[in-house]
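I sat down with this one to get my bearings before going back to the bench. My notes follow in the order I looked things up.

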Amino acid sequence: MSLYHYASPQHFYPLAGKMVPWFAWLAAISAAIGLWIGFFVAPTDAQQGEAYRIIFVHVPASWMSMFIYLVMAGYAGLGLVLNTRLSSMMAQALAPTGALFAFLSLWSGALWGRPTWGTYWVWDARLTSELVLLFLYLGYMALNAAIEDPRRADKASGLLALVGVVNVPIIYFSVQWWNTLHQGASVSLTRAPSMAAAMLAGMLAMAFAFWMYSIAVSLARVRAIILEREAHFDWARDLREVKR
Amino acid sequence: MNWGSTAEFFAMGGYGFYVWGSFAVTAACLIAEPLLVRTRMRQALEQVRAQAGKHETAA
C-alpha cells in the first residue's frame, strides 16, 4: 500500500477521522502548558507591564495565519498541477481556519496597539498586509462558494490562492522594508531571540497548540467536504455512520 | 508567581480589558469553530443519506 492510497478521498476519510482526536489532544495539552507559562511563569514586562501578555495569542495567531496560507496555496497548487481531488479539498478545509487566525491576529493586535501605541488601528504596512491576507482568505472562500461546479471552483480559487502567496513575504518583511509602527521580529531563525526565556517558551507552546488545533480542525472539516462532494458514491453510502 | 490575589490576576495591572479581550475572543473562536465543523459534518451525513434514499427508490 503506497502513499497514493491515501490520496483518494475515500481512503483518506477514515484516516483523517482517526487523526483528529490525537491532534486535538496535543492542542489541548500544549495550550494548557502555554497558558500556565504565559500567565504564571513569564514575568511582567519591564516596559509594557502586563499588556505584553497579549503576545501569547497575537504572535502564534499571526504565524498560523501566514503558515496556513502557504500550506493552503501548496495544496491548491498541487490540485491544479496534478488534478488530484483531495488536494483541492484540503485547500478548502484550511481556508476558514486561516481566516480565523488572520482575524484573531488583527483583533489581538488592535487590543495591544491601543495601550501601547495609543490607537487600535493604523494604516501601516504590517497591519495593512495582514488585513489583505484576511481578504484573500475570504475571497478564496467566496469564489469557491460562487462557482457551482466543484472542479471549476477548484481551478479558479486555486489560481487566486497561488497569486495571493505574494502577500505572505510582504507581511513578513514589511517591518524591515517600510518604516512601520509595528515592531520588528522578536524571534527569528538567524539570531538569538530578544526576549526572556519564559516568555519565549510560553509563546512557542501556544504556537504549537494553535498549529495542532489547525491540523485537527481542518482534518475534521475535510471529512465533511469529502462527504459533501462524494455523497453520490457507493463508498459514502456504505459508511457505518451513514447507515446508523 | 506573578499575582498576589485573584483580583490582581483579573486586573492584569490595569490592562485587563485588553488582555482578557484578546484571550476571551480567541477562546470563543477556537471553541465555536469545531462546533461549526461538527454541524457541517452532520449536514454532510444527512446529504449522503438523502442521496442513498434517492438511489434506493430509483432501483
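What radius of gyration would a compact globule of 244 residues have, and what does chain A have? A compact globule with that many residues would come out near 18 Å, and chain A has 20 Å, which agrees. I'm keeping in mind throughout that this is a predicted model.

**Entry 1: overall make-up**

I went for the box next. Along the principal axes, the C-alpha atoms of chain A fill roughly 65 × 35 × 30 Å. I then looked up the secondary structure and found 9 helices and 0 strands in chain A. Chain B has 2 helices, again with 0 strands.

For burial, I got 42% of the 244 residues of chain A. In chain B, buried residues make up 20% of its 59 residues. I also checked how far along the sequence the contacts of chain A reach: among those between residues at least 6 apart, 77% join residues at least 24 apart.

**Entry 2: where the chains meet**

I asked how many residues each chain puts into the contact. Chain A gives 34 residues and chain B gives 27. I sorted the chain B side by class and got 16 nonpolar, 8 polar and 3 charged residues.

**Entry 3: the nonpolar core**

The largest nonpolar core has 75 residues. Ile54(A), Met72(A), Met206(A) and Ala216(A) touch the most other members. Which elements give two or more residues to this core? From chain A they are α1 (9-41), α2 (55-82), α3 (85-117), α4 and α7, and chain B joins in with its α2 (16-58). Helix α7(A) supplies the largest share, 19 residues.

I picked Met206(A) for a closer look. Leaving out neighbours within four places in sequence, I find Met206(A) in contact with Ala31(A), Gly34(A), Gly38(A), Phe56(A), Val57(A) and Pro60(A).

**Entry 4: Ser214(A)**

Ser214(A) is in helix α7 (residues 197-230) of chain A. Is Ser214(A) buried or exposed? I count 24 other C-beta atoms within 10 Å, so Ser214(A) is buried. Setting aside residues up to four places away in sequence, Ser214(A) touches Met64(A), Ile68(A) and Thr97(A). I also took a distance to Ala145(A), which is 69 residues away along the chain: the two C-alpha atoms are separated by 22 Å.

**Entry 5: α4 against α5**

In chain A, I looked at how helix α4 (residues 125-146) packs with helix α5 (residues 150-164): the angle is about 170° and the axes are 9 Å apart. The two helices are therefore roughly antiparallel. On the α4(A) side the contact uses Leu136(A), Gly139(A), Tyr140(A), Leu143(A) and Asn144(A). Across from them, α5(A) brings residues including Ala153(A), Ala156(A) and Leu160(A). By class I get 7 nonpolar, 4 polar and no charged residues in this contact.

**Entry 6: positive phi**

I noted down two residues that have a positive phi without being glycine. Asn83(A) has a phi of about 60° and lies in the loop between α2 and α3 of chain A. Met12(B) has a phi of about 50° and is in the loop between α1 (6-11) and α2 of chain B.

Which way does each one fall, buried or exposed? Asn83(A) has 12 C-beta neighbours inside 10 Å, so I put it down as exposed. Met12(B) has 22 inside 10 Å and therefore counts as buried.

Notes:
Residues are numbered from 1 along each chain as its sequence is written. Chains are lettered from A and ligands numbered from 1 in the order in which they are written. This is a predicted model: local features need pLDDT of at least 70, side-chain atom pairs count only at pLDDT 80 or more; totals for chains, interfaces and linings use all residues. Helices (H or I, at least four residues) and strands (E, at least two) are DSSP runs, numbered from the N terminus. Two residues are in contact if their C-beta atoms, placed from the backbone, lie within 7 Å. Ala, Val, Leu, Ile, Met, Phe, Trp, Tyr, Cys and Pro count as nonpolar, Asp, Glu, Lys and Arg as charged, and the others, Gly among them, as polar. Axes are lines fitted to C-alpha atoms, for helices over the stretch in contact, and angles run from 0 to 180 degrees between N-to-C directions. Angles under 35 degrees count as roughly parallel, over 145 as roughly antiparallel, 65 to 115 as roughly perpendicular and the rest as oblique. A nonpolar core is a set of buried Ala, Val, Leu, Ile, Met, Phe, Trp, Tyr and Cys residues joined through C-beta atoms within 7 Å. The radius of gyration is taken over C-alpha atoms; the globule rule is 2.2 Å times the number of residues to the power 0.38.
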